[in-house]
Amino acid sequence: MTLWHTLIFTVFPYICLTTFVFGHGYRYITDRFGWNARSSEFLEKKYLFYGSILFHFGIIATFMGHAGGLLIPQRVLDIFGITAQIHNTIAHWNGLAVGMAAFAGILVLGWRRMKQPRLKIVTTRNDMVTLAALAVVIATGMYNVLFSHFNMLYSVAPWIRGIVTFTPDSTLMLDVPLSFRVHVTAAWALLAFSPFTRLVHIWSVPLFYLTRPFIVYRRQTRQA
């Protein structure tokens, strides 16, 4: 095991996680009024609707699938009758479906930014880097689903759990294919970059709407 391997699969993830945590705090303190998605809906709606729906459905389902599939040890799933073979089959087909949705969505959103004249004017370099980074992470994930049949339940999954429980073991990544290494490294880098982008709107989802009292609107009628 080389020094570079240790740096990439032990040190780099913690640098990214630290940047993720303190970066959000710094952004909130220094740019509170810029903490939003900077919606461009008033400039173009049609392609935003299709791209946004596809992307958000795909990326949220992908995140939940990764969290459940990688953070829950296989021995726990075995108790509930979910064997490694069933786990891999579910991960493959679900990952294929939601990954395709996320990839199609990010392509539509990127095309919209590049081809719509009114959007090109307001699109920043940061926006394009964010879209490109998302596309790379999703594309490498799709490549792994389609072309790599590597069983990551006993390598990548315990490595991820080791990172989040502060017991990292980079030796678990020694025999992992290059495409998986690129995917996880790109994902860590995107995680570190996210506090400085419009992705911060993830943390402003108005979940309290689900529990707040109904707002009653009444139509104003003209008096005769």
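These notebook entries record what I looked up about aromatic rings in this structure, which is a predicted model.

**Entry 1: the annotated region.** I began with the UniProt record, an unreviewed entry, which lists residues 5-219 as "domain: NarG-like". Over these residues I found the chain to be 67% helix and 0% strand. The C-alpha atoms at the two ends of the region lie 65 Å apart.

**Entry 2: aromatic pairs.** I then looked up the ring pairs, and the structure holds 9 of them. I noted that a pair of aromatic rings is described by the distance of the centres and the angle of the planes.

**Entry 3: Tyr-14 and Phe-166.** The ring centres of Tyr-14 and Phe-166 are 5.8 Å apart. Their planes meet at 15°, and planes under 30 degrees apart count as stacked, so I recorded this pair as stacked. Tyr-14 belongs to helix H1 (residues 3-30), while Phe-166 sits in the loop between helix H7 (156-164) and helix H8 (178-193). The pair therefore links distant parts of the chain, 152 residues apart. Phe-166 has 67% relative accessibility and counts as exposed.

**Entry 4: Phe-20 and Trp-203.** Which arrangement do Phe-20 and Trp-203 form? I recorded an edge-to-face pair, with 6.1 Å from centre to centre and 70° between the planes. Phe-20 is in helix H1 and Trp-203 in the segment after H8, 183 residues apart. I also asked whether each residue is buried or exposed. Phe-20 is buried at 18% relative accessibility, whereas Trp-203 is exposed at 54%.

**Entry 5: a cluster.** Finally, I noted that ring pairs join Phe-9, Trp-159 and Trp-188 into a cluster.

Technical notes: Residues numbered from 1 in each chain as written. Predicted model: local features only at pLDDT ≥ 70, side-chain atom pairs only at ≥ 80, totals over all residues. Heavy atoms only, no water. Phe/Tyr/Trp six-rings, centres within 6.5 Å; stacked < 30°, edge-to-face > 60°. Helix = DSSP H or I, 4+ residues; strand = E, 2+ residues; numbered from the N terminus. Buried < 20%, exposed > 50% of the residue type's maximum accessible area, 1.4 Å probe, protein only. UniProt positions renumbered as here; feature names shortened; annotations may be inferred.
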